[in-house]
Amino acid sequence: MVDVTTKDTNTHKEVIKWCNEILAADPNAKVEVVYYAQSLEMVTKGKSVVPAEISALAGKNVAFRVCAVAMKKWNLDKSQLVPGVVMVPDGIYEIVRKQKEGYAYIKASL
């Protein structure tokens, strides 16, 4: 479980790198990346610096989730999301729920 809240594009690139490194170490690993707060540009068409990478990883064992509350706050709708990104009702609750399921927590920041 990777928690992304920053609009820093260097962090966005690092998250993709981390996902690839995890899958290289264990191709069966399951990774979920949750976006909320100011990170939505990473998953928005035309603004993301890693749209192709997100779409490619979404076809593997990486789930990309974006907070519906944040989407509403920033006046975005799901048609504006990079392919492979799925909305969840609340990003923070998604993190809490996944931790209850045994996912480890990583806060993405540089």
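This is a short talk through the sheet, the core, one aromatic pair, the cysteines and one loop residue of this structure.

Okay, hi everyone. One thing up front: what you see is a predicted model.

Let's start with the sheet. It is open and has five strands, in the order β4-β3-β2-β1-β5, and the pairing is parallel. At the edges sit β4, residues 85-88, and β5, residues 106-107, and each of these pairs on one side only. If you look at β1 and β5, they pair in the parallel sense over two bridges. To find a spot there, go to aspartate 3, whose bridge partner in β5 is lysine 107.

Now the helices. α1 packs on the sheet and touches β1, β2, β3 and β5. Its direction makes about 165° with that of β2. α2 lies across β3 and β4, and runs at about 120° to β3.

On to the inside. In general, nonpolar side chains in soluble globular proteins tend to be buried together. Here the largest nonpolar core has 30 residues, and Val33, Ile54 and Phe64 touch the most other members. Elements giving two or more residues to this core are β1, α1, β2, α2, β3 and α3. Take valine 33: leaving aside neighbours within four places in sequence, its contacts include Val2, Val15, Cys19 and Phe64.

Phenylalanine 64 comes up again with the aromatics. How many aromatic pairs are there? The count comes to one. The rings of tyrosine 35 and phenylalanine 64 have centres 6.4 Å apart and planes at 15°; planes under 30 degrees apart count as stacked, so this pair is stacked. The two residues are 29 apart in the chain, with tyrosine 35 in strand β2 and phenylalanine 64 in strand β3. Both are buried.

What about disulfides? A search of the whole structure finds zero. For cysteine 19, the nearest cysteine sulfur belongs to cysteine 67 and is 19 Å away. A disulfide needs the sulfur atoms within 2.5 Å. Are these two cysteines buried or exposed? Cysteine 19 has 0% relative accessibility, so it counts as buried. Cysteine 67 is buried as well, with a relative accessible area of 5%.

Last stop, a loop. Threonine 44 lies between β2 and α2. Its relative accessible area is 6%, so this loop residue is buried. What does it touch? Not counting residues up to four places away in sequence, threonine 44 touches Leu76, Gln80 and Val82.

That's it from me, thanks.

Notes
Residues numbered from 1 in each chain as written. Predicted model: local features only at pLDDT ≥ 70, side-chain atom pairs only at ≥ 80, totals over all residues. Heavy atoms only, no water. Helix = DSSP H or I, 4+ residues; strand = E, 2+ residues; numbered from the N terminus. Buried < 20%, exposed > 50% of the residue type's maximum accessible area, 1.4 Å probe, protein only. Contact = heavy atoms within 4.5 Å. Phe/Tyr/Trp six-rings, centres within 6.5 Å; stacked < 30°, edge-to-face > 60°. Core = buried A, V, L, I, M, F, W, Y, C linked by side-chain atoms within 4.5 Å. Pairing = 2+ DSSP bridges. Axes fitted to C-alpha atoms, helices over the stretch in contact; angles between N-to-C directions.
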